[in-house]
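Biologist: Before we talk about this protein, could you put the sequence and structure up, and then take my questions one by one?

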Amino acid sequence: MTYDEAPIRVHTAYTVEEVRRFQRFNARFLRYISVALLLLMLVSFSTILMRGNSEFSSLTLPLVMFSAFLMMFLASTGLFYTQREHVKATASLRNGQNFIFRQTDFIAEISQPDRMGQNAALYSTLFSVHETKDMFYIFIAQRQAYLVSKQGFITGTPDMLRALLQSALPPDKYHIHR
């Protein structure tokens with residue numbers, strides 16, 4: 001299917017489950033950090049046990065200190081957060097967003113009780129787009145994305161939006177996940 005010149009309009013009302021699915025998708029690198037930290041701690045403590053508790057090697061102490069520092073850094077930057085913080089952060093998404101996709105750019109309209117506004121972005125400045133079976137994740141930065149539901153099309157279809165985005169982006173920036 002091809003894209004015609006009429007704007008594509010989408011309203012996305014987010015559910016908590018959709019936001020959680022995106023957060024799991026967007027946090028895939030945290031799995032690697034967690035595994036790396038566990039391996040680092042395992043190597044550090046096994047070295048301590050093999051050499052005895054009273055004697056630290058020149059490598060073991062820096063590894064333990066680095067692991068502890070990295071865990072404190074991750075905790076302080078908010079990468080680990082509680083369920084209550086998650087609900088509070090996603091509560092503002094319940095009213096949803098409206099999107100208007102045009103030939104060279106798109107507009108995200110935010111209409112919430114505590115704030116209103118519009119953000120526009122050129123397709124040429126997008127970091128990447130990831131399409132899943134029920135959503136488009138439009139990344140405007142490496143860790144920041146708009147979530148566009150395939151269920152909320154007012155005008156146009158998901159196929160039309162896919163055609164528009166694929167024609168506007170280089171092939172390495174558009175990814176389909178089934």
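**Contacts, core and one loop residue**

Modeller: Among contacts in the protein (heavy atoms within 4.5 Å) between residues at least 6 apart in sequence, 59% join residues at least 24 apart. This is a predicted model, in which local features need pLDDT of at least 70, side-chain atom pairs count only at pLDDT 80 or more, and totals for chains, interfaces and linings use all residues. Residues are numbered from 1 along each chain as its sequence is written, and side-chain values use heavy atoms, with hydrogens and water left out.

Biologist: Which element gives the largest share of the largest nonpolar core?

Modeller: A nonpolar core is a set of buried Ala, Val, Leu, Ile, Met, Phe, Trp, Tyr and Cys residues joined through side-chain atoms within 4.5 Å, where buried means under 20% relative accessible area, with a 1.4 Å probe and protein chains only. Of the 30 residues in the largest one, Phe99, Phe101, Phe106, Ile138 and Leu161 touch the most other members. Elements here are DSSP runs numbered from the N terminus, helices being H or I of at least four residues and strands E of at least two; those giving two or more residues to this core include helix 1 (16-26) and helix 5 (158-168). The largest share, 5 residues, comes from strand 6.

Biologist: Is Thr104 buried or exposed?

Modeller: Thr104 is found in the loop between strand 2 and strand 3, and touches Leu122 and Tyr123, not counting residues up to four places away in sequence. Because its relative accessible area is 52%, and exposed means over 50%, Thr104 is exposed.
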